[in-house]
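Student: I would like to take a close look at one part of this model, the aromatic rings and their surroundings. Could you take me through that part slowly?

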Amino acid sequence: MYSPQSLHRWGITHTESMERLAYSQALRDPMAMERANLLNMAKLSIKGLIESALSFGRTLDSDYPPLQQFFVVMEHCLKHGLRVKKSFLGYNKSLWGPLEMVEKLCPEAGEIAASVRDLPGLKTPLGRARAWLRLALMQKRLADYLRLLITRKDLLSDFYENSAVMVEEEGAVIVGLLVGLNVIDANLCVKGEDLDTQVGVIDFSMYLKNDIDDYRSEERNGQIAAILDQKNYVEELNRQLNSSVHGLQGRVDNLEKSNSKLIEELAIAKNNIIKLQEENHQLRNENTIILMKGQQQLEVTQVDVDVELDTYKKSRQGLDEMYNEARRQLREECQLRQDVENELVVQVSMKQEMDLAMKLLEKDIHEKQDTLIGLRHQLDEVKAINVEMYTKMQTSDDGMKQKNDMITRLEEKTNQITATMKQLEQRLQEVDRDRWTAEDGARKFKQDFANKADSLQKQIAQREKQRLQLETDLKIEKEWQQTLQNNLERERDIVSQLSAEAQQINGLKKEFHRLQDENSQLTGICDEQEHALEELGCKLSESKLKIEDIKEANKALQGGQIWLKDKDANICRLCEKEFSIARRKHHCRNCGEIFCNACSDNELPLPASPKPVRVCDTCHALLLQRCSSNAT
């Protein structure tokens, strides 16, 4: 293991307050010391690789020494705290296990994993892990893949100890440093390399400085003096930043407390979800039991209803036939009664007409009797006149002669009258015979009518009895129909009860769906809380990376430019895109403005810093133009 004094002798002069705190803890914890040393070595290897790649031309191959040392350092970082796995051949530590999990977290990494598995020369898991690191670097997604891996602490706990680099905060810092490797283009031949038998040893000679040669040059001495002045200034600035670090540490503690509270609430929510799932399961079982019972009752009721309905239909059919027959007979009896009544009305009208004819006949007889009496009086008068005439004839012959003609005429008249009287008497006799005949016919008609009326009364009484019998049968049929109607009503009530139970079952189903929706909402809330926790972890790592950026930005403060604060910029100065967790803020060391990584991925030496530092695209073009004009 390497102490902080040895690292200081190797040229690490800009130590931050966080590193000092880590070293003070490392004195008490060997694992913390190992993590701090690995973090420093990762910083040195990444920084040296970027500087040498920029001076070399950015495109690197497999034989480039800083690149080989970078892979060795990354291998040591990934091996730190790795759990020992028991297999059939013994105990071993494998890097391929956690790197293979990246394929499940990010589908884009499946292509790399498939390529590694298809390589014919790789036989060990360590060789596969080394090939995976090289392919991820060529794809410029090494930082993204490792960031996805370190965010899943639950998966890392299966492969690493609790004090491993990849589990602690140093892993997030190393992943943040790996973002700078995206400016490097690497062309590595993985197929021809023997990755299984390579020995990963860190060469510290690449990071040692030759102090004797530095002090021989006066120009180098001036640079060292400037560096010492910058060191003193940066240390003073670090002391000022120490208070802000403590504030950030307090905020981190508060976030951890809120995180623990959220974890407790999440556990409570999970318990509630489990309870709701159990209640949901019970409700499903009860629902199925109720549905089975309801279906059985419905089937039994349906069978009973079908049987009773068939019986009712058969009895109804027989009753309908009886009712139709009784109705037909009643209709016939009513028609017969109507005919009898009509015939009785006709007989009554005929009797009235006969009475009227008898009255007219009697009146005619009385008139004829009066006429006969008048004729008899006239005959008496004629006889009296004849007597007078006979007496007068005796007294007067002349008058007799004169009146013989009159007598003869009177005799003729008398004969005529006598004949008329005889005719009248004959007619009177005929009228009497007709009257007696009419009276006999009327008596016979009355007798026949009385007999017919008696027979009709008997028939009417018989029909009335039949009608009463039919009415009683109809009442019995109506009572049976009412009984069947009541049974049908009861069956309808049972069906309505079953429908109500079905509605209750539907209500239970709706309640079950509502509980499912609440369950999904609680699951969504849990996912949101987990996402918020992941964002808090990302923000924490981002805050640490910002501290690194602030410390690096202090180098540019000697130039006198205005250094824009992070809170004053929400969008990139050049492309005007909004900053987020994925799009970080970067200061231009020349103008002091804040840009995104895409607009500030250039590095040039400045008067305040002889080493290449980050500058924006505008300042990069301006400085290159100025350098070209100075050269001409």
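Student: How many aromatic pairs does a search of the whole structure find?

Tutor: This is a predicted model, in which local features need pLDDT (the predictor's confidence in each residue, from 0 to 100) of at least 70, side-chain atom pairs count only at pLDDT 80 or more, and totals for chains, interfaces and linings use all residues. Residues are numbered from 1 along each chain as its sequence is written, and side-chain values use heavy atoms, with hydrogens and water left out.

The search of the whole structure finds 2 aromatic pairs, where rings of Phe, Tyr and Trp (its six-membered ring) pair if their centres lie within 6.5 Å, and planes under 30 degrees apart count as stacked, over 60 as edge-to-face and the rest as tilted. The ring centres of F70 and F71 are 5.5 Å apart and their planes are at 55°, so this pair is tilted. Both F70 and F71 are buried (under 20% relative accessible area, with exposed over 50% and partly exposed in between, using a 1.4 Å probe and protein chains only). The charged end of R134 sits over the ring of F71, 4.2 Å from its centre; for this, NZ of Lys or CZ of Arg must be within 6 Å of the ring centre and within 35 degrees of the ring normal.

For W132 and Y145, the ring centres are 5.9 Å apart and the planes are at 45°, so that pair is tilted. W132 and Y145 are both buried.
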